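Reader: I am in my first year and would like a close look at a single part of this model. Please start with the sheet and move outwards from there.

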Amino acid sequence: MTESITPLLRDVRGLVVEMMPTLLDRRYDVRWKSDGSPVTEADIFLEKRMTHWLGERLPGLQVIGEESFREGGSPRSRDGWVAVLDPVDGTENFCSGLKEWGVSLSLWHGGEHAGSLLMLPELGDWMATGEPIERVRSRITGYSSSIHPAIAAGISEGGEARIFGCAVYNIFNVTRGALARFVNPKGARSWDLLAGLMLAREHDCEILIDGQVYDGAFLEPDRRYRVDIRHRYDLHSGQGAIG
């Protein structure tokens with residue numbers, strides 16, 4: 001499945017790059033959700049465009065997208081194609097003019113992972129199933145921007161720490177080693193996490209979801225998941241097992 005999905009993921013990258021002028025034109029057209037978080041016209045436009053584009057190429061596709069999901073909207077069946085999509089992850093960064101935002105897409109077929117893609121469009125970076133990555137070294141722990149006592153405690157313990165405000169950016173970088181660890185103790189939804197988790201797993205990271213070793217299972221969209229990821233191919237002094 002990886003070989004067959006790789007050209008499609010490359011074409012998705014091309015689609016996002018093609019759409020960039022339109023996205024940037026809609027960057028500051030902001031509305032506020034009921035939870036107080038922002039959504040831009042770029043989020044909505046790209047989700048609709050990608051949903052239509054993927055649907056033309058993957059018959060019977062069900063899309064779980066951040067902007068279109070409604071509670072109780074889990075896939076009707078796992079027999080066919082399912083896409084889990086966050087068109088603009090890190091919208092707060094995006095609508096503030098920051099470049100640390102991303103696109104997250106995970107494709108599943110018959111309940112099995114088919115391929116995933118992370119993009120950081122304004123930074124020119126991406127990561128996809130079956131594609132090699134350049135690995136680097138770091139001792140930095142990245143934390144979610146969702147305020148939680150465990151984050152304050154972790155930062156106060158010392159060491160290098162960063163808060164970037166974008167799950168795609170964090171998981172992209174812990175997977176390649178630019179972060180030694182990424183922690184989200186409050187939890188995030190499947191569209192924030194699933195593509196990145198599958199890529200982190202592909203590249204031998206150690207992953208805990210809700211305190212348990214992650215086995216690559218599909219994450220349901222109607223709940224939050226606590227995340228703790230370490231890259232494992234380049235251990236540093238003091239970087240032991242999670243827990």
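In what order do the six strands of the open sheet lie, and what kind of pairing does the sheet have?

Author: The model is predicted, and everything below should be read with that in mind. The open sheet has six strands in the order β9-β8-β10-β13-β11-β12, and its pairing is mixed. At its edges are β9 (161-163) and β12, each of which pairs on one side only. Strands of a sheet are held to one another by backbone hydrogen bonds, and the pairing can be parallel or antiparallel.

The β12 edge is a good place to look closely. There, β11 and β12 pair in the antiparallel sense, over two bridges. To find this pairing in the picture, look for L208, which stands opposite V213 in β12.

Next, turn to D210, whose side chain forms a salt bridge with that of R223 at 2.4 Å, N to O. D210 is in the loop between β11 (206-209) and β12 (212-213), while R223 is in the loop between β12 and β13 (225-230), so this pair ties together parts of the chain that are 13 residues apart in sequence. The side chain of D210 also meets that of R226 in a salt bridge, here at 3.8 Å, N to O. R226 belongs to strand β13, so the second pair links the D210 loop to a part of the chain 16 residues apart from it. Side chains of opposite charge can pair in this way when their charged atoms come close.

How covered are these three residues? Partly exposed means a relative accessible area between 20% and 50%. D210 is partly exposed because its relative accessibility is 22%. R223 falls in that class at 37%, and R226 does so at 39%.

The structure holds 11 salt bridges, and another of them lies outside this sheet. K33 and E66 meet through their side chains at 3.3 Å, N to O. K33 lies in the loop between β1 (30-32) and β2 (38-40), and E66 in the loop between β3 (62-65) and β4 (81-89), so the contact ties together parts that are 33 residues apart in sequence. K33 is partly exposed at 25% relative accessibility, and E66 is partly exposed too, with 22%. A network of salt bridges links K33, E66 and E67.

Helix α5 (residues 167-176) gives a more covered picture: nine of its 10 residues are buried. Among the buried ones are A167, Y169, I171, F172 and V174. The polar side chains N170, N173 and T175 are buried as well. Just after α5, G177 takes a positive phi of about 100°.

Last comes the empty space inside. Rolling a probe the size of a water molecule over the atoms shows where such space is left. Counting cavities of 30 Å³ or more gives one, and the largest cavity has a volume of about 40 Å³. Its lining is made of R78, G80, V82, W108, H109, G110, G111 and F218. By class, that lining has three nonpolar, four polar and one charged residues. Glycine is counted as polar here, so G80, G110 and G111 are among the polar lining residues.

How values were computed: Residues numbered from 1 in each chain as written. Predicted model: local features only at pLDDT ≥ 70, side-chain atom pairs only at ≥ 80, totals over all residues. Heavy atoms only, no water. 1 Å grid on protein atoms, 1.4 Å probe; cavity = no way out; pocket = protein on both sides within 12 Å on 5 of 7 lines; lining within 4 Å. Points joined across faces, edges and corners; volume = space filled by probe spheres on them. Buried < 20%, exposed > 50% of the residue type's maximum accessible area, 1.4 Å probe, protein only. Helix = DSSP H or I, 4+ residues; strand = E, 2+ residues; numbered from the N terminus. Salt bridge = Lys/Arg side-chain N within 4 Å of Asp/Glu carboxyl O. Pairing = 2+ DSSP bridges.
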